[in-house]
Amino acid sequence: MTTARDLADLWDETSRAALALVEELSEDDLSLPTELPGWSVGDVVAHLAHLESVSAGMPQPEGGSLTLPAEDGAQPVTISDVVEPGVAIRRGWTLAELLDELRAACDARRDLLADADAFRSLGLDRREALWAVRRLPDDAALPLFQAATARELGQEPAQALPVMP
């Protein structure tokens, strides 16, 4: 069965391979056509940078993301409606600019995926782990705090204190 960890590892491997491929491109390569009608190599790189940065929660350039209509009866949104603004706003960016954004987005996503999986080593998902550490049983003192309650010299005798005026 494919796990979330398997998918995260697959994304990581794929993103590293895509970055390695983009790093081999030259500025002139960005204007080459692709099999996608109307899309250049630069458009494909812009598409990768856009989607990775959106997935990482990074802010988008002005005009680089879709604003969904709020009214009922609006036209259905297509995949092109989502993709095109991100690609269009990045047309004309240099290879260095596209690579910077793509690298930053992949790094940010890697961090997000690592944070989301932080409790898996305990065999718990995030919700279960947070619930498990919310409260300790009253009778189970942690070893760290056992020393704080132990007395080096034994039990002290009770002392009567004078009444405060």
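The chain folds into six helices and has zero strands, so that, read from the N terminus on, its elements run α-α-α-α-α-α. The model is a predicted one, and what follows should be read as a description of that prediction. Of the 165 residues of the chain, 20% count as buried, and the accessible surface comes to about 12,600 Å², with 59% of that area belonging to carbon and sulfur atoms. Among the contacts in the chain with a separation of 6 or more, 64% are accounted for by residues 24 or more positions apart.

A convenient place to enter the structure is helix α3, which covers residues 79-90. This helix has 12 residues and reaches 18 Å from its first C-alpha to its last, close to the 16 Å expected at 1.5 Å a residue. Within α3, the residues V83, P85, G86, V87 and R90 are buried, and what covers the buried residues of this helix includes α2, residues 41-55, together with α4. I79, which also has its place in α3, gives a contrasting picture, since a relative accessibility of 65% makes it count as exposed. I79 joins V77 and V82 in a nonpolar patch on the surface, and the three residues together have about 250 Å² of accessible area. Just after α3, the backbone at G92 takes a positive phi of about 95°.

From α3 the path leads to helix α2, where D43 is found. Because its relative accessibility is 6%, D43 counts as buried. Not counting residues up to four places away in sequence, D43 touches G38, V87 and R91; of these, V87 is one of the buried residues of α3. A polar atom of the D43 side chain also lies 3.0 Å from the backbone nitrogen of S40.

What partner does D43 have in a salt bridge? D43 forms a salt bridge with R91, and the closest N and O atoms of the two are 2.9 Å apart. This pair links distant parts of the chain, with D43 in helix α2 and R91 in the loop between α3 and α4, 48 residues apart. The two partners differ in how they are covered, for D43 is buried at 6% relative accessibility, whereas R91 is partly exposed, with a relative accessible area of 39%. Side chains of opposite charge can pair when their charged atoms come close.

The next stop is helix α4, which spans residues 95-116 and holds E101. Is E101 buried or exposed? E101 counts as buried, because its relative accessibility is 10% and the cut-off for a buried residue is under 20%. Leaving aside neighbours within four places in sequence, E101 is in contact with A49, S53, M58, R90 and W93. With one of these residues, S53, the side chain of E101 makes a polar contact of 3.5 Å. A104 has its place in α4 as well, and is partly exposed, with a relative accessible area of 34%. Although A104 and M58 are 46 residues apart in sequence, their C-alpha atoms are 9.1 Å apart in space.

The salt bridges offer one more view of the chain, and a search of the whole structure finds eight of them. One is formed by the side chains of D12 and R16, which meet at 3.2 Å, N to O. Both residues lie in helix α1, residues 4-23, where they are four residues apart, about one turn of the helix. R16 counts as partly exposed, because its relative accessibility is 47%.

Another salt bridge joins R110 to D107, the closest N and O atoms being 3.2 Å apart. Because R110 and D107 are three residues apart in helix α4, about one helical turn separates them. Here R110 is buried, with a relative accessible area of 18%, while D107 is partly exposed, with a relative accessible area of 43%. How are D12, R16, D107 and R110 linked? These four residues belong to a network of salt bridges, in which D12 and R16 come from helix α1 and R110 and D107 from helix α4.

Key: Residues numbered from 1 in each chain as written. Predicted model: local features only at pLDDT ≥ 70, side-chain atom pairs only at ≥ 80, totals over all residues. Heavy atoms only, no water. Helix = DSSP H or I, 4+ residues; strand = E, 2+ residues; numbered from the N terminus. Buried < 20%, exposed > 50% of the residue type's maximum accessible area, 1.4 Å probe, protein only. Polar contact = N/O pair within 3.5 Å; in protein donor to acceptor, adjacent residues only side chain to side chain. Contact = heavy atoms within 4.5 Å. Expected span 1.5 Å × (residues − 1). Areas by Shrake-Rupley, 256 points an atom, 1.4 Å probe, with all protein chains shown as cover. Patch = residues over 30% accessible without salt bridge, like charges linked within 9 Å, V, L, I, M, F, W, Y side chains within 5 Å.
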